[in-house]
Amino acid sequence: MALRKILTYPDPFLRKKCAPVEEIDGEVLKLLDDMAETMYGARGVGLAASQIGVDKRVAVIDISPRNTGADEEGEEEEEEGTEYEGPGLIELINPEIISSEGQVIAEEACLSIPGFTSDVKRKQRVVIEAYDREGRLMEIEASELLARVFQHEIDHLDGILFIDRLPRLKRELIKRKIEKELGKEEKRYAVL
Ligand code: ZN
């Protein structure tokens, strides 16, 4: 496994509509392993292939508390048998939302837009279809955080970032701030 570099806004690769995986070969399996390692290394809850510069419809997700850091705060009160029993690492190949309902607004962040968060309106519940690493078609129903992360990562595979989901004025404002902050960073790299 290897850590991959996470691209940050405004890298043009983040705007790419990624190509479907046609065969789950060794390269795709290695990609999944690298993406999981990269996501855990960055303490993210999800990562899409386009974020590491790979043109494939592949994403990894893990919203369990040990990954988000939520378990660290509640450690003292933790009793035996109360550990998280959610899905852990979820690997998605060619994920697609097949149905959705409701709307909910919650705060969102992105490893490719470090240091920025915003309230984003999303579907409350989604049902997705995706292939696992063995090539089996899975159907997963999700609500709350998991539904949000599914939508965020599938958006990445279509070249869409969470800031694109904001109302126009809010979007223009945050884009200007991000470009000021992250744009500076790019220039510094170019000079050195
Ligand atoms: Zn993201």
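**A strand hairpin and a zinc site in a predicted model**

Within strand E5, Ile140 serves as the bridge partner of Ile128. The structure described here is a predicted model, and this pair is a handy place to start reading it. Strand E4 (residues 117-131) and strand E5 (residues 137-143) run antiparallel and are joined by seven bridges. Together E4 and E5 make a hairpin, with five residues between the two strands. In the turn, Gly135 has a positive phi of about 85 degrees.

The zinc ion comes next. Its coordination involves Cys110 through SG, His152 through NE2 and His156 through NE2, at 2.1 to 2.3 Å. Along the chain, the donors follow the spacing C-x41-H-x3-H. Cys110 and His156 link distant parts of the chain: Cys110 sits in the loop between strand E3 (90-109) and E4, while His156 belongs to helix H4 (residues 144-157), 46 residues apart. Cys110 and His156 are both buried.

Two of these zinc donors reappear in the surroundings of Gln51, a residue of the loop between strand E1 (46-48) and strand E2 (58-61). Leaving out residues up to four places away in sequence, Gln51 touches Cys110 and His156, and its other contacts include Lys5, Ile6, Leu7, Leu14 and Glu153. Gln51 counts as buried because its relative accessibility is 1%, where the cut-off for buried is under 20%. A polar atom of the Gln51 side chain lies 2.9 Å from the backbone nitrogen of Ala48.

A second glutamine, Gln103, is found in strand E3. Gln103 has a relative accessible area of 52% and is therefore exposed, the threshold being over 50%. Although Gln103 and Gln124 are 21 residues apart in sequence, their C-alpha atoms are 4.8 Å apart in space. Beyond its neighbours within four places in sequence, Gln103 is in contact with Lys121, Arg122, Lys123 and Gln124.

Some backbone details may also interest the careful reader. Tyr9 and Pro10 are joined by a cis peptide bond with omega of about 10 degrees, and Pro10 lies in the segment before helix H1 (26-41). Positive phi values also occur at residues other than glycine. One of them is Arg43, with phi near 55 degrees, in the loop between H1 and E1. Asn94, in strand E3, has a positive phi of about 50 degrees. Arg43 is partly exposed because its relative accessibility is 48%, whereas Asn94, at 17%, counts as buried.

How values were computed:
Residues are numbered from 1 along each chain as its sequence is written. This is a predicted model: local features need pLDDT of at least 70, side-chain atom pairs count only at pLDDT 80 or more; totals for chains, interfaces and linings use all residues. Side-chain values use heavy atoms; hydrogens and water are left out. Two strands pair if DSSP finds at least two bridges between them. Helices (H or I, at least four residues) and strands (E, at least two) are DSSP runs, numbered from the N terminus. Donors are N, O and S atoms within 2.8 Å of the metal (3.2 Å for Na, K and Ca); water is not among the atoms, so sites may look incomplete. Buried means under 20% relative accessible area, exposed over 50%, partly exposed in between (1.4 Å probe, protein chains only). Contact means heavy atoms within 4.5 Å. A polar contact is a pair of N or O atoms within 3.5 Å; within protein, one must be able to donate a hydrogen and the other to accept it, and residues adjacent in sequence count only if both atoms are side-chain atoms.
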